[in-house]
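This report covers a contact between two chains and one helix pair within that contact. The sequence and structure come before the discussion.

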Amino acid sequence: MTQDIGQIWVYLSASPLLGLTITLLAYQGAFWIYQRTGHNPLANPVLIAVAALVIFLSLTGTSYETYFAGAQFVHFLLGPATVALAIPLYTQFKRVRSMLLPVLAGLLAGSLTAIVSAVLVARLLGASSATQLSLAPKSVTTPIAMGIAERIGGIPSLTAVLVIVTGILGAVGARFVFDAMKVRDPAVRGFAIGIASHGIGTARAFQVNEQSGAFAALAMGMNGALTALLVPWLVAIL
Amino acid sequence: MLGALTQLLIFQLVGEVVARGLALPVPGPVLGMLFLFVALLLRGGPPAPLQSTSQNLLQHLSLLFVPAGTGIMVHLHRVADEWLPLALSLLISTAATLIVTALVMKLCMRAPTGDAS
């Protein structure tokens, strides 16, 4: 009996089926909790699903590579989903166009704040130079952030972790920040969350409101491009 | 749905080719989003299948970050030595970015018209 289970496990752990299935299960469980709490940002589904998967993989001694062989099918859909963000953006285009000045000013101010504050706080607290450089691009989507970190002498894999934590922090905390500031406009809330926490923030914004989501998607795309231009120049003068 | 998914992949592919071909700092899918957006402007809106497929895909956008997010387990040890400066930096910087972006936008929206809505 135990040997049978052992053999089944050997088969499962070598096939992509398991990684894919546990990803979907963990996410659906996390989403169920998220819904049960009335979409409370503290019950962020990415956070819960990732925590559950990390615990499961550690307990079963499964490597991330093995897991990812299955989970990559989900990961792959990030590409077409990013392209699909053009549609809400188009739907909200009228509002975007009427807000051109606030959008551009918010982009510039937010992008600078994200880079400079992360580097300066870390420096003040005595972080190493490589760590400071890895922090600089933390507010933009993973592929851009890792590319920037590599170019300026940061550690790309550290940046990848920082990007994800930043995304989850923004998705979890943004509502409390905006409520305290009495910011109610869904366009402003969405745009700010997209600047601060890229795709994970954008996903949260879409769950709240379509207009928020569209502005978050816009912010994420623009901030990715601007940060790639600003960071090399900023770290040279900081 | 199949046609719509193919369209999304084609835009991603074109974005990827242009981004790599011109060595742009923007990832292919983001360029693909830009191209699709321009196409929608020219066409005057998305066809119904593309609209519904995209809606389905975006409804569970957070699912798509789970595999990459789980990668945190491989790199967690890098965070261990400097966890305090890292945690405070991320926390303060994320809050500051949210606050500054929203404040600047609010100020700019009030300025030109004098309308304090």
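## Terms and model

A crossing is left-handed if the near helix is turned anticlockwise from the far one by less than a right angle, and right-handed if clockwise. Helices are DSSP runs (H or I, at least four residues), numbered from the N terminus.

The model is predicted; local features need pLDDT of at least 70 and side-chain atom pairs pLDDT 80 or more, while totals for chains, interfaces and linings use all residues. Residues are numbered from 1 along each chain as its sequence is written, and chains are lettered from A in the order in which they are written.

## Confidence

The predictor assigns the complex an ipTM of 0.90 and a pTM of 0.88. Chain B has a mean pLDDT (per-residue confidence of the predictor, from 0 to 100) of 89, with 94% of its residues at 70 or more.

## Interface

Chain A puts 90 residues into the contact and chain B 64, counting residues whose C-beta atoms, placed from the backbone, lie within 7 Å. On the chain A side, helix 11 gives the most, with 15 residues.

## The helix pair

Helix 11 of chain A (residues 156-181) and helix 6 of chain B (residues 83-110) have axes that come within 9 Å and cross at roughly 45 degrees. Axes are lines fitted to C-alpha atoms over the stretch in contact, with angles from 0 to 180 degrees between N-to-C directions. Helix 11 of chain A and helix 6 of chain B are therefore oblique (not under 35, over 145 or 65 to 115 degrees). Helix 11 of chain A passes helix 6 of chain B in a right-handed crossing.

Definitions and conventions:
Helix = DSSP H or I, 4+ residues; strand = E, 2+ residues; numbered from the N terminus. Contact = placed C-beta atoms within 7 Å.
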